[in-house]
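Student: I would like a close look at a single part of this model. Please keep it brisk and connected.

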Amino acid sequence: PQVDSANTGRVLASDAAVFLKKSGLTDLVLGKIWDLADTDGKGILNKQEFFVALRLVACAQNGLDVSLSSLNLPVPPPRFTDTSSPLLLSGTASSDVPWAVKLEDKAKYDAIFDSLNPVNGLLSGDKVKPVLLNSKLPVDILGRVWELSDIDRDGMLDRDEFAVAMFLVYCALEKEPVPMSLPAALVPPSKRKPISVPGAMPLIPSSTSSKDSHQSLPPVGILAAKAPQTQ
């Protein structure tokens, strides 16, 4: 009902885009989700198609491939941050999501981290690279693992970021797809900010190339949607 305010049983692209943005996924992933859900390409989703979009959002948030084959997999419901619904907000603030890296695994990853002689608690790319290559995973996958795990983009991995990298490597070795963007559950608690505004910023530059004028609006919406959590 939140999205289909006129109760037409259909959701327009512009309304859905604003709503789906609240999932915290990148424009690229959301575009792919839209293309899969909007089967007839009319820019309108009926109820069934909208549910497909929601399922795909859930898949992406849980690190699964955004594809129709993922629709049959069991996934937790999608998470959206939304100010108008206190239920959604309290239960889905990213700081509440338990970290996907389990304690016993973290101990293993820490041991590897320490064995690589970190300097000031950081490992340079040169030190991490052999460990990643050792997994024998394809280089493009390892590149994505590095991109996702270097959360503060400083070209170094700290203990928590290294754990994320190892977690993703082990997922990939288990034939699980490496997500396109880091799911909230994988962001280390030490890297979570109560207001994740920096995460919302990259949406703005991409909007200049977008075909849809609506797309330049959501980042402001995201900032507003996150604000109440600071009170």
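Student: What covers the buried residues of α8?

Tutor: Bear in mind that this is a predicted model. The cover of the buried residues of α8 includes helices α5 (103-115), α6 (125-134) and α7 (139-149). Strands β3 (122-124) and β4 (156-158) are also among the covering elements.

Start with the helix itself. α8 runs over residues 159-173, 15 residues in total. From first C-alpha to last, α8 reaches 21 Å, close to the 21 Å expected at 1.5 Å a residue.

Now the burial. α8 is mostly covered, with 12 of its 15 residues buried. One buried run goes Asp160, Glu161, Phe162, Ala163, Val164, Ala165, Met166, Phe167, Leu168 and Val169. Cys171 and Ala172 are buried as well. The list holds acidic side chains, Asp160 and Glu161, beside names such as Phe162 and Leu168.

Next, the two ends. At the start of α8, a side-chain oxygen of Asp158 reaches to within 3.1 Å of the backbone nitrogen of Asp160. After α8 comes Lys175, with a positive phi near 70°.

Take one residue inside the helix. Ala165 is found in α8. Ala165 counts as buried because its relative accessible area is 1%, and the cut-off for buried is under 20%. Leaving aside neighbours within four places in sequence, Ala165 is in contact with Val145, Ser149 and Leu157. Val145 and Ser149 fall within the range of α7 (139-149), and Leu157 within β4 (156-158). These contacts of Ala165 therefore fit the cover named at the outset. Leu132 lies 33 residues from Ala165 in sequence, with 8.4 Å between their C-alpha atoms. Leu132 falls within the range of α6 (125-134), another of the covering helices.

Follow the chain past the helix. Ser181 sits in the loop between α8 and α9 (197-200). Ser181 counts as buried because its relative accessibility is 14%. Beyond its neighbours within four places in sequence, Ser181 is in contact with Leu25, Thr26 and Leu148. Leu148 falls within the range of α7 (139-149), which also helps cover α8.

One helix pair elsewhere rounds this off. The axes of α2 (residues 27-37) and α3 (residues 47-61) come within 9 Å and cross at roughly 145°. Their crossing is right-handed. Val29, Ile33, Leu36 and Ala37 make the contact from α2. From α3 come Glu49, Val52, Ala53, Leu56, Val57 and Ala60. By class, that contact has 9 nonpolar, no polar and 1 charged residues.

Definitions and conventions: Residues numbered from 1 in each chain as written. Predicted model: local features only at pLDDT ≥ 70, side-chain atom pairs only at ≥ 80, totals over all residues. Heavy atoms only, no water. Helix = DSSP H or I, 4+ residues; strand = E, 2+ residues; numbered from the N terminus. Expected span 1.5 Å × (residues − 1). Buried < 20%, exposed > 50% of the residue type's maximum accessible area, 1.4 Å probe, protein only. Contact = heavy atoms within 4.5 Å. Polar contact = N/O pair within 3.5 Å; in protein donor to acceptor, adjacent residues only side chain to side chain. Axes fitted to C-alpha atoms, helices over the stretch in contact; angles between N-to-C directions. Left-handed = near helix turned anticlockwise from the far one by under 90°. Nonpolar A, V, L, I, M, F, W, Y, C, P; charged D, E, K, R; others polar.
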